[in-house]
Every structure is written in structure tokens, then in C-alpha cells.
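Biologist: I should like a close look at the surroundings of the ligand. Please then set that site in the context of the protein.

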Amino acid sequence: MRIESREMGNGAASLAALRFVCASCGASAPATGTRFRCACGTPFDLEDLTPGPSPARSGEDSQHRAGPASGFPLPRIEEQVRVGATLQAHFHKRLGVALGSAASGVWRYRELLPPLAETFIVSRQEGNTPLYPVGAGEPGAWRAIGAYVGVERLYLKHEGENPTGSFKDRGMTVATSVARTIDAQAVACASTGNTAASLAAYAAQAGLPALVFLPAGKVAGGKLAQSIAYGARLVSVSGDFDDAMRQVEAVADQLGIYLLNSINPYRLAGQRTIAYELLQQLGWQAPDWVVLPAGNLGNTSAIGAALLHAAEIGLIAQAPRLASIQATNADPFYQSYAAGWQSFSPVRAHTRASAINIGAPVSYARARAVIEATNGVVAEVSDDEIFAAKARIDRAGIGCEPASAAALAGVRQLTSAGIIAPGESVVAILTGHLLKDTEQITPEVSPGENQQGDDLLRAIEATLRKLDDK
Ligand code: F0G
């Protein structure tokens with residue numbers, strides 16, 4: 001079987017062939033629609049984007065097995081290997097392309113994304129983020145991070161090094177391109193800050209008016225500054241992210257504004273590329289674990305689905321286990337997991353990691369499905385654990401925003417609980433940039449103010465001694 005390298009299609013015509021499907025009741029709707037919830041209330045998924053044979057396409061039902069979480073059929077092993085190898089070759093060829101959508105670390109994986117016309121693509125060469133080796137087994141000072149969590153082979157995938165400083169750009173390039181394809185007149189989101197900053201930038205590039213609903217007083221300064229500077233209209237909502245989310249869904253529905261939260265399946269399609277890219281960076285040798293912070297659960301769903309998909313089509317031999325980390329007091333997903341998935345109750349969220357201060361996650365059901373299918377785990381970490389982990393990442397010269405550090409705090413907790421074994425390989429996703437949220441950074445030691453000459457020298461000497469002691 002042959003997988004042609006995909007040229008970008010003719011936009012709306014190719015999207016018209018796609019459907020949104022409801023995992024709960026089986027209903028479906030055209031994927032060019034602007035409603036992302038089924039009439040039964042469940043958020044829609046985008047139908048299978050898998051290239052390669054399926055019973056419907058090949059008529060070989062008996063030779064296919066059912067896929068674990070996605071429900072779509074698997075090709076036979078030999079076909080998986082061939083599909084995987086062909087795709088790897090396409091992805092490899094695009095490395096080093098300098099211009100056009102193929103230069104993007106999202107659109108590099110276009111065979112696994114919705115088919116869109118090149119002319120509608122709104123891209124800033126997003127993705128292409130570094131994978132930093134920080135395991136205890138590495139040479140150099142970064143090994144202190146691996147030693148802190150007790151893992152020999154540890155990598156930090158720094159999604160904060162995207163154009164607007166967070167992983168949101170990956171989903172935003174896809175969903176904004178769809179907005180242009182279907183000729184949306186305006187775009188909107190609710191946000192704890194990063195989605196808003198990303199939407200504001202991509203909407204500006206697409207020439208679309210942007211509305212961002214932000215919980216008043218709860219968004220970090222750097223993110224707010226981005227949204228304002230990129231020209232979005234701010235709607236300040238009294239309450240928290242969950243209140244803002246409810247409001248924007250209602251307003252978008254009534255006014256026909258295209259919603260760009262992760263309830264939009266095209267956002268999740270783009271975020272899947274975090275997984276494809278990290279696997280490519282590891283030479284398609286999957287790690288044992290992928291660990292990430294969790295709030296609205298869009299990223300958990302997207303990355304989990306992508307890891308399963310990668311194994312299903314033979315890009316990797318086996319999907320890694322996924323660990324989704326919440327902040328204590330913003331942890332409804334963890335509470336449900338700890339109760340054996342018997343129940344799910346939203347909470348009033350309260351964590352200093354403002355990006356994940358979310359109590360009613362939209363993607364609960366799909367996130368649960370991928371945790372179960374990857375034999376994954378959910379954990380919660382306290383704000384103190386988050387800030388201790390952040391200090392390690394910052395001091396190594398890498399840096400990240402508080403919510404991102406929940407991933408490293410989670411690795412540490414899972415290692416000390418014996419769930420992650422010291423010999424296993426781990427990729428932790430850093431979701432946002434250090435400069436996003438600097439309000440919580442305090443100097444550990446500083447020479448006294450207003451000192452000059454010898455006094456200043458002595459103060460600096462004393463400071464260096466204190467640093468040496470650490
Ligand atoms: N890390 C960062 C830095 C985030 O901004 C977010 C979510 C998450 C982790 C959690 O990802 O929601 O997919 O589980 N930020 C959203 C926003 C809610 O509005 O920027 P999730």
C-alpha cells in the first residue's frame with residue numbers, strides 16, 4: 001500500500017468530506033459546523049484521520065482488530081509497519097524546509113491533520129520545539145533536574161518555546177486555518193491566559209476580529225499584555241475560568257462567532273503534533289512515559305489520542321503510558337481517577353498555577369478514555385511541590401511558567417511512589433514560557449541595596465558563598 005505525500009487540499013471542499021462524531025450517542029454532524037457539542041451535550045470528536053487501510057476502505061474486515069480508545073480499526077501488523085515507515089519518510093523529508101507550511105512543526109505532520117488548502121493556512125512555523133535531555137544519566141548541569149526526580153533518562157519538551165510562548169499555538173494554527181476556510185467572521189475563546197494570547201496573535205495574522213473572555217484578576221500579567229498588544233477585544237468576566245467558558249459558549253452560539261477553545265476538535269487535532277514531534281525527535285523510539293500538566297484536559301486528550309494513534313499506524317511499536325498531573329484544589333480529574341472513575345464532580349478551583357486553575361474540565365470523557373487506554377495515571381501535586389519543581393527548571397537556565405512545572409513535580413511524586421521506575425524513560429511536557437507569569441518569582445538571595453565600593457564587593461562575596469552552600 002502507498003501513502004502519497006499530501007499536498008494541501010482545496011480547503012472547504014476537503015473539509016466537507018469530514019464529520020464530527022459523538023462518542024456518547026453516535027450522532028454526527030458536518031465538520032464545517034460551528035457547534036462543537038452534540039445535542040446530547042457531549043463535545044464532538046473529529047472522525048478518524050488515519051491514513052491507510054480500514055474495513056470501509058479496503059473491504060478486509062476480518063484482518064482488522066478494533067482500536068483501543070479511538071474505536072477505529074487497526075491495519076494488520078505488516079500494514080502498520082509499512083504505513084508507519086512511509087509516514088516517517090514524509091515527515092523526515094520536511095525537516096529543514098525553510099518556508100511555507102511544511103516549515104511548521106505542526107503542518108509537517110499534515111497526513112495526520114485535517115486537509116486544508118495552503119492558501120488558508122495561518123502558520124508561524126509553530127512547533128519545532130526543543131527536547132532537552134535533563135536525565136540524571138546525562139553529562140552537564142542539567143542532570144540536576146533528573147537527579148531531583150530520580151530519573152536517569154528524562155527529557156523536557158519545551159512547548160513554551162512556541163511563537164506566543166505556549167503549546168496553544170499548535171492547536172491555534174489548525175483551528176484558525178479552519179476558521180478562514182469556512183469563512184468565519186470573528187473568533188473567540190475563554191482563557192486562563194495562554195489560549196487568549198495565542199488566539200489574539202493568530203487572529204491578527206488571519207485578519208479576523210478576536211474576543212477573549214478572561215476571568216477578572218486571575219490572568220498573569222505577561223499573558224494579558226500579549227492579548228492586548230495583539231489587538232484582541234477583552235471581555236472581563238467576574239468569576240473564574242469555568243464561568244468565562246460557560247459565557248463564551250453561550251455568546252459564540254448566539255452570535256455565530258467561531259469558538260477556538262479546545263472544545264473545538266481542530267484545536268485538539270493540532271495539539272496532537274506535540275506527541276508526533278517528540279516521537280520523531282526520539283527517532284520513533286517511544287519513551288515509557290509522557291507526563292503533562294492538566295486543566296481543561298484538552299492536551300491530555302490530544303496527546304493521549306496521538307500516542308495511541310502513532311502505535312496503531314506503526315509510527316512506534318507501543319504507546320507510552322500517559323500521566324496527567326493536576327494541582328491540588330483544581331483536581332476534579334484526579335478525584336474521579338482516585339475514585340475508580342465511579343463519579344465526576346466539578347470543583348471550585350484554587351491554585352497559584354493560574355493556567356490550570358480550572359474546576360470543570362470540558363474534555364473529561366475523552367481524557368479518561370486515553371488514560372485508560374494507555375494504562376496511564378492521574379496525580380495531583382500541591383502548589384508547594386509545583387513551585388519547588390519550577391525553581392529546579394528555572395535554575396537550570398531553562399525556565400517555565402508555574403503550571404508547566406506540575407509535570408516535573410508529578411514525575412517526582414510518581415517516582416517516589418514507585419509508579420515510574422528509575423530505569424524508565426520519561427518525557428515531561430513544559431507547556432508555557434517563564435516570562436508568561438513572573439509575579440511568583442522571588443530572588444533566593446540578593447546583595448543589599450544601595451551598597452557601593454568595598455561594601456558591595458563584600459555583599460557579593462557573601463551572596464556567592466550562600467549560593468555555593470545550596
Ligand atoms: N499548561 C499551561 C501553561 C496552560 O496554559 C494550560 C491551559 C494547561 C497547562 C492545561 O492544559 O487545559 O489542555 O489541560 N490553559 C488554558 C488557557 C486553559 O486558557 O490558556 P489543558
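Modeller: The account below begins with the basis of the model, then turns to the ligand, the core and one helix.

This is a predicted model, in which local features need pLDDT of at least 70 and side-chain atom pairs count only at pLDDT 80 or more, while totals for chains, interfaces and linings use all residues. Residues are numbered from 1 along each chain as its sequence is written.

The ligand is surrounded by 23 residues, the closest being Ser191, Asn194, Asn296, Thr431 and Gly432; a residue is near a molecule if its C-beta atom, placed from the backbone, lies within 6 Å of it. By character, the shell around the ligand comprises six nonpolar, 15 polar and two charged residues. Here Ala, Val, Leu, Ile, Met, Phe, Trp, Tyr, Cys and Pro count as nonpolar, Asp, Glu, Lys and Arg as charged, and the others, Gly among them, as polar.

At least two residues of this shell come from each of helix H6 (194–206), helix H11 (298–312) and helix H15 (402–416). H11 gives the most, with three residues. Helices (H or I, at least four residues) and strands (E, at least two) are DSSP runs, numbered from the N terminus. Domain 1 (131–165 + 267–436) and domain 2 (168–266) each provide at least three residues of the shell; the domain bounds come from an automatic or database domain assignment.

The two domains also meet in the largest nonpolar core: both give residues to this core, so it lies between them. The core has 136 residues, and those with the most contacts inside it are Val187, Leu199, Ala310, Ala406, Ala407 and Ala428. Such a core is a set of buried Ala, Val, Leu, Ile, Met, Phe, Trp, Tyr and Cys residues joined through C-beta atoms within 7 Å. A residue is buried if 20 or more other C-beta atoms lie within 10 Å of its own, exposed if 12 or fewer, and partly exposed in between. Leaving aside residues up to four places away in sequence, Ala310 touches Ala275, Tyr276, Leu279, Leu315, Ile316 and Ala319, where contact requires C-beta atoms within 7 Å.

Helix H10 (273–281) is packed against by the buried residues of helix H3, namely Val83, Gly84, Thr86, Leu87 and Phe91. Ala89 also lies in H3, but Ala89 is exposed, with 11 other C-beta atoms within 10 Å.

For the protein as a whole, 53% of the 470 residues count as buried, and the secondary structure comes to 16 helices and 15 strands.

Note on methods:
Two residues are in contact if their C-beta atoms, placed from the backbone, lie within 7 Å.
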